[in-house]
Amino acid sequence: MQVPKGLPRWRRAAELIGRRAECAVLDQLIGAVRSGESRALVVHGEPGMGKTALLEYVAVQALGCRVARSGGVQSEMDLPFAALHQLCAPLLNRLDRVPGPQREALRTAFGISDGPAPNGFQVGLAVLSLLSSVAEEQPLICVIDDHQWLDTASALALAFVARRLGTESVGLVIATRDVRAGLSGVPDLEVRGLPTAAAEALLESALSGPVDARIRHQIVAETGGNPLALIELPRGLTPTELAGGFGLPGAMSLSHSIEESFGRRAKALPGEARQLLLIAASEPSGDPALLWRAAASLGIRADAITPAVEQDLVELGIRVRFSHPLARSAVYRSASEEERQQAHRALADATDPDLDPDRRAWHRAQAAVGPNEDVAAALEHSAARARSRGGFAAAAAFLRRAAVLTRDPALRVTRALAASEIHIKAGTLDPVPDLLAMAEAGPLDELQRAQIDLVRAQLGFITNRGSDSPALLVKAAARLAPVDAELSRTTYLDAVAAATYFNAGKRHTDNDDARPAAHLWTIARAATAAPPAVEARSPDLLLDGTVAALNDGYAAGLPLLRKGLSTYGAGMTAERELHWLWFTSTTAMRIWDDERWDAMSARHVQLARDLGSLSELPRALDIRSVLCLFSGDLTEAARLTHEAQTIEDATGTTLTPYGVLGLAAFRGDTAAEQYLGETVSAGMSQYEDGASTAADWARAVLYNGAGRYAEALAAARRATSFDAGPVSLLWPHVELVEAAVRTGEAGLAEEAFGRLSPTTGVAGSDWALGAQSRSAALLSAGCEAETLYQDSISHFSRTSFRVDLARAHLLYGEWLRRERRLNEAREPLNTAYKMFDTMGVMSFAERAGRELKAAGGGVRRRARAGRHDELTAQEGHIARMAKDGLSNSEIAARLFISTHTVQYHLRKVFLKLGITSRSQLETALPDGL
């Protein structure tokens, strides 16, 4: 084992004693990176367990690798991308190798250039590309200490990188006190207390004289084998105290005891050394030149730091580093408020206002004794700069502090409201209630009262899954009506859209007033109070149409909704257009407008991609994937759902997987039934409430396809046991009609058709009329049934929904066979079978095959075998995108992996398919892949 040189004595001892198993894990990581693989590891444990020593071990043992470092500092948590910049700064000479959009995102985040605020995950992808590019020359290992104190923007980007590492020869070792949600799922190594023998050996090395064996055992037991405690706590204790066991931690928390030990040592230093240490503790950048400038402004000589260095409290080098974060904390906490303010004032004076205005503003704020408008205004400017770089958490912190330092009551309200809104965007919710209380304590106009309601609604949406957000949005909209009619109407639209979203999949209860759907009508009635529209813009039409449909019936809202969809996007900014695209897509579904659904869902995906909105893109992909299912393009549906799940894995978000559920049902494979059953069981807890309804609809499709009509009936009845009126999706009713007819439940079938036909008849699209004719045919007999089956085929043939068309052929063929018209039955059954088999809709292909055989026809399965079957899901996805003409960098951006990993997978694809170039993918891959 190679021993790190130049480490403080406590680090060297902690590294050498009792950490053989931990070092072995780190050796494996280093070896994997050297061999061309990538690895991420979270090293976690309580303060003082030796995590930093293990990072030093990695840095020293990583022979042949380049090492990049960064670390979190508690006082720097509000400076955006501070830790990420520290890591990447030495690597930026390779920034020109990063794809253009990613490169610009990183340059903007680091303040190198101006530009629109970058998406946090776009920055993460840029960092992944940068690290991968550096590793092409030499394996790279990044060590990140004190992750718990990283600024939010850096933490998100590094968590993204940790999850997306593939084959880049990059190692990422992160030390933290606990594995927080952002790092969950990343491989981890827990660092615990040393075994007794190793702890006693470490303690012995730290003692300056003999200690009674019983006291030694007591120290080891009370420190729990914590290496830093074993080294630090005996320091400063007299031989008498050690001999008698006095001064040991006792019931006090260990980290507090260690911090007190550091504090005692700091207080024993000469006055100027203490002042220098406090300045260093107040400025986490570790810049020696800044430290000396600040010290000079107070008349302190540079050599005054020597006693602190001799006491192993601080190290001087390229950076000023404390021996342990608890040492920094002890020095800062033990100082008086006046001393801390003096240190921050000196640092503010020593910081260049042109090169680092934000850090200077922050030091000025910490030095402020009371309200100070100059400082508050500077913080407001810093917040604007932070926001333009995508540092929402920093912008929120700057604004929050600016509000506290504001004397003018009206201006304080404005800043507190702005801070609360940006905290919502940053996802840092704890300060929001206090900021709203601060705002409410000042003079408010009606617009500001409405803004408070809006923030509360947004907070409720995030914390309570939207249960009260529609009502809060209605309250805000009502307040806005007399002061901003346009904003009032769009807020009403948000309220109605939120109500429809959170009423999807709600179940009936015996008490109508208690039904969740009843809340939807309450919102709709309230929305009738919206100010009249000055001009009929698309959002106005969508609002009026949805409210009219809910209050006056489906037909009343239909013309307005159609016009709203036809003009949607005109005159809108891209961000505003994206905001309601999910609602326009689902509205198109509800009014049976397949062409608008196609156009809106395609635009939704495109715009979410263009704007880098990773919170919106999974939903857009999911909505689009369901359309692809109805169109019979299961391969594209699978690709879209795979991409959506990739993004959700990267971002930690979870949405109801409608596309995945439908894909399982349409494919009808052996795992589909189990998967759908598990989703139904988990639906009410793992996803939004609509998951159970979606899964039941999918099960009804699966069982209808398999001819298991009793099970299809049970699933369809569950899926239709809600009532959201005109905003309901009525696909489950189509399945219920078929299952009920096949099981002899004529009453149920008629009831389901009675809820379906009023919408399909009024909608009048070929999709709607095809569904109506097919369901009506099942309830009819004789010539009437035959005419209706033929009508359904005619209507569906004019749509792109090939699965519905194939099902219409199947039902018509089955009816003909039951009428004993076998010769006539074979043609529609053969058509249905070929369509299902070609599309891969196996849940219905097998049923069509059985019916065709019963009618005397022959069944020939489409050949599927080939070497492409050897491709993994990831390889198949990459191969399909390469076949479609996407570049490696475009594929990497779609899948949130590095271009190096794309190249790695493509090499495997070429090898498995026996080809040598992308141009050969066109013939090597079948159309269905």
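In the predicted model, helix H14 spans residues 288–297, and its buried residues are Pro 288, Leu 290, Leu 291, Ala 294 and Ala 295. These residues lie on the same side of H14, because they cover an arc of only 160 degrees around the axis. Such a pattern can be read against the geometry of the α-helix, which has 3.6 residues a turn, so residues three or four places apart point the same way. The buried residues of H14 are covered by elements that include helix H13 (271–282), strand S7 (320–322) and helix H17 (337–350).

The two ends of H14 can also be described. At the N-terminal end, Asp 287 acts as a cap: one of its side-chain oxygens lies 3.1 Å from the backbone nitrogen of Ala 289. Beyond the helix, H14 is followed by Gly 299, which has a positive phi, near 75 degrees.

A pair of packed helices is formed by H18 (residues 357–367) and H20 (residues 392–404). Their axes are 11 Å apart and meet at an angle of about 35 degrees, and H18 passes H20 in a left-handed crossing. On the H18 side, the contact involves Asp 358, Trp 362, Ala 365 and Gln 366, which meet Ala 397, Phe 398 and Arg 401 of H20. Sorted by class, the residues of this contact are 4 nonpolar, 1 polar and 2 charged.

Positive phi values also occur at residues other than glycine. Ser 169, which is not a glycine, has a positive phi of about 60 degrees. Ser 169 belongs to the loop between helix H7 (152–164) and strand S4 (170–176). With a relative accessible area of 12%, Ser 169 is buried, since the cut-off for a buried residue is under 20%. A second case is Trp 592, again not a glycine, with a positive phi of about 60 degrees. Trp 592 is located in the loop between helix H30 (581–590) and helix H31 (594–610). Trp 592 is likewise buried, and its relative accessible area is 2%.

The last site concerns Arg 619, a residue of helix H32 (residues 617–630). The side chain of Arg 619 is joined to that of Glu 616 by a polar contact of 3.1 Å. Arg 619 can also be related to a residue farther along the chain: Gly 659 is 40 residues away in sequence, and the C-alpha atoms of the two residues are separated by 9.9 Å.

Note on methods: Residues are numbered from 1 along each chain as its sequence is written. This is a predicted model: local features need pLDDT of at least 70, side-chain atom pairs count only at pLDDT 80 or more; totals for chains, interfaces and linings use all residues. Side-chain values use heavy atoms; hydrogens and water are left out. Buried means under 20% relative accessible area, exposed over 50%, partly exposed in between (1.4 Å probe, protein chains only). Helices (H or I, at least four residues) and strands (E, at least two) are DSSP runs, numbered from the N terminus. The arc is that of the directions from the helix axis to the C-beta atoms. Contact means heavy atoms within 4.5 Å. A polar contact is a pair of N or O atoms within 3.5 Å; within protein, one must be able to donate a hydrogen and the other to accept it, and residues adjacent in sequence count only if both atoms are side-chain atoms. Axes are lines fitted to C-alpha atoms, for helices over the stretch in contact, and angles run from 0 to 180 degrees between N-to-C directions. A crossing is left-handed if the near helix is turned anticlockwise from the far one by less than a right angle, and right-handed if clockwise. Ala, Val, Leu, Ile, Met, Phe, Trp, Tyr, Cys and Pro count as nonpolar, Asp, Glu, Lys and Arg as charged, and the others, Gly among them, as polar.
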